[in-house]
Amino acid sequence: MAEKKAKVVAKTEPERYLEAKKLTDAIPCLIRDKEKAEIYENIAKIYEGLGDYEDSSVLCEEAKRKGKQYREQIKEQDEKNKKEKLKDAAENESGKGILRKIILSLVLILIIAGIGGAVYFKTKPGRYVRASFYEKVENYEKSYKMFRNLKEYSDSESRSMESRYEFAVQCKENNEYTKAKDTFRALEDYKDSKTLLTELELDNIDNSKVGTSVLFGEYKWLILEKEAEKVLLVKSEPINGYAYHNENTNITWADSSLRTYLNTDFIEETFYEKMSEKILETEISVPDNKQYKTKGGKNTVDKVFLLNDRQAREYKEILDNYTRDWWLINPGNSQNTAQYVSYGEIMDYGYEVSNKNIYIRPAIWVSIK
């Protein structure tokens with residue numbers, strides 16, 4: 001499958017400005033002064049790098065002030081603790097043992113507080129707060145995974161789906177084809193995931209070369225031909241188990257059971273509705289077999305069809321990726337036979353239409369506009 005390499009795009013001033021705003025909005029989710037100070041300092045750096053953009057200079061100073069304020073609060077608390085220790089020591093000069101106990105108690109308190117904070121963030125409420133923080137700063141990959149692991153806690157399931165959807169949209173916008181494709185497929189019917197997946201796969205097809213293997217619907221397809229607004233695709237790996245017709249009788253493509261199956265059940269099983277809407281109806285003309293005087297039958301209009309002998313020769317180099325025998329649309333040496341390809345060669349005398357050991361390679365014309 002052809003995949004696009006992700007482009008590394010430098011963030012614009014508006015994007016960096018918005019990033020700083022979102023970090024500011026997310027700070028209330030934090031608990032400890034140290035974390036708040038660090039986030040404000042990071043925000044100040046972003047605004048400082050923006051120079052005179054919008055009100056960046058004012059917001060930079062405000063972020064620095066608040067970062068400094070939290071640093072001072074931390075320092076004041078530390079100094080307060082130290083003063084309390086010294087006061088206790090001054091009131092009881094001979095109480096060195098008591099002082100050691102006080103110091104030990106303070107250390108234990110700090111350890112317990114630290115452990116408590118760490119333990120809290122491992123609890124469901126703590127993990128929920130962290131997931132909410134990542135969601136606010138648009139780190140949707142982390143937020144959807146954290147919400148998903150919380151399962152039925154609060155509204156975690158619905159928020160996991162929403163974050164996962166936003167992650168897929170981000171990947172699509174960043175040209176990360178594989179991540180976007182896999183994520184939209186996992187979302188299935190959520191919002192417009194199927195529509196966006198269809199757009200994504202059509203864009204990949206449009207930007208892939210003839211002979212490339214591409215994903216569309218449930219299968220991989222080979223690009224045989226590209227025109228201005230449409231592409232001819234054929235199933236990459238042949239499918240086993242389908243006869244040209246369900247009875248060994250005189251038949252043409254127009255009345256075959258295979259044509260009926262491909263244009264009904266096969267389409268429904270293989271493509272989303274949005275995808276099937278992009279498959280074009282094609283007028284199919286099956287040529288007579290001039291050597292054996294058998295008839296190709298009347299013309300049809302189909303979305304899914306088989307290749308004919310001319311196309312098998314024209315695209316031989318691309319189609320030789322598998323050596324399985326596979327049906328062609330043409331009649332063979334009698335009206336109850338159809339031609340097939342074996343090891344890259346056309347067997348124009350054909351085989352009985354009811355045989356299920358010959359594979360099929362469905363073909364479609366897809367609109368890419």
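The protein chain has 14 helices and ten strands. The model is predicted. Of the chain's 369 residues, 42% count as buried. About 20900 Å² of the protein chain is exposed, and carbon and sulfur atoms supply 48% of that area. Among contacts with a separation of 6 or more, 57% come from residues 24 or more positions apart.

## The five-stranded sheet

Which strands form this sheet, and in what order? Five strands line up as 1-2-3-10-6 in an open sheet, with antiparallel pairing. Strand 1 (213-216) and strand 6 (304-305) are the edge strands, and each pairs on one side only. Helix 9 (residues 193-206) packs on the sheet. This helix touches strand 1, strand 2 (219-226), strand 3 and strand 10. The direction of helix 9 makes about 160 degrees with that of strand 1.

Strands of a sheet pair through backbone hydrogen bonds, either parallel or antiparallel. Here the pairs can be followed one by one.

Start at strand 1. Four bridges join strand 1 to strand 2, and the two run antiparallel. Ser213 has Leu222 in strand 2 as its bridge partner. The hairpin of strand 1 and strand 2 has two residues between the strands. There, Gly217 takes a positive phi near 70 degrees.

Move on to strand 3. Strand 2 pairs with strand 3 over five bridges, in the antiparallel sense. Trp221 is matched with Lys235 in strand 3. A hairpin of three residues joins strand 2 to strand 3.

Then comes strand 10. Strand 3 (residues 230-235) is joined to strand 10 (residues 363-367) by five bridges, and the two run antiparallel. Val234 has Ala363 in strand 10 as its bridge partner.

## The three-stranded sheet

Strands 7, 8 and 9 form another open sheet, in the order 7-8-9, with antiparallel pairing. Its edge strands are strand 7 and strand 9, each pairing on one side only. On average, neighbouring strands of this sheet are turned by 40 degrees against each other, direction ignored.

Is strand 8 (residues 337-342) mostly covered or mostly uncovered? Strand 8 is mostly covered, with six of its six residues buried. In a regular strand the side chains alternate between the two faces of the sheet. On one side of strand 8 lie Thr337, Gln339 and Val341. On the other lie Ala338, Tyr340 and Ser342. These residues are all buried, and both faces of strand 8 are covered.

Strand 8 pairs with two neighbours. Toward strand 7 (residues 326-331) there are three bridges, and the strands run antiparallel. Trp326 stands opposite Val341 in strand 8. A hairpin of five residues joins strand 7 to strand 8.

Toward strand 9 (residues 345-352) there are five bridges, again antiparallel. Ala338 has Tyr351 in strand 9 as its bridge partner. Ser342 is matched with Glu345 in strand 9. Strand 8 and strand 9 form a hairpin with two residues between them. Tyr343 in that turn has a positive phi of about 50 degrees.

The table sets out strand pairs from both sheets.

| Strand pair | Bridges | Residues in the hairpin |
|---|---|---|
| strand 1 and strand 2 | four bridges | two residues |
| strand 2 and strand 3 | five bridges | three residues |
| strand 7 and strand 8 | three bridges | five residues |
| strand 8 and strand 9 | five bridges | two residues |

## Helix 7

Why does the end-to-end distance of helix 7 (residues 156-173) agree with what it should span? Helix 7 has 18 residues, and at 1.5 Å a residue they should span 26 Å. The end C-alpha atoms of helix 7 are 25 Å apart, so the two values agree.

Which residues of helix 7 are buried? They are Ser156, Arg159, Ser160, Ser163, Tyr165, Phe167, Ala168, Val169 and Cys171. The cover over the buried residues of helix 7 includes helix 5 (124-136), helix 6 (140-150), helix 8 (177-187) and helix 9. Helix 9 thus appears in two places: it helps cover helix 7, and it packs on the five-stranded sheet.

After helix 7 comes Asn175, whose phi is positive, near 60 degrees.

Definitions and conventions
Residues are numbered from 1 along each chain as its sequence is written. This is a predicted model: local features need pLDDT of at least 70, side-chain atom pairs count only at pLDDT 80 or more; totals for chains, interfaces and linings use all residues. Side-chain values use heavy atoms; hydrogens and water are left out. Two strands pair if DSSP finds at least two bridges between them. Contact means heavy atoms within 4.5 Å. Axes are lines fitted to C-alpha atoms, for helices over the stretch in contact, and angles run from 0 to 180 degrees between N-to-C directions. The expected span of a helix is 1.5 Å times one less than its number of residues. Buried means under 20% relative accessible area, exposed over 50%, partly exposed in between (1.4 Å probe, protein chains only). Accessible areas come from the Shrake-Rupley method with a 1.4 Å probe; for residues, only the protein chains shown count as cover.
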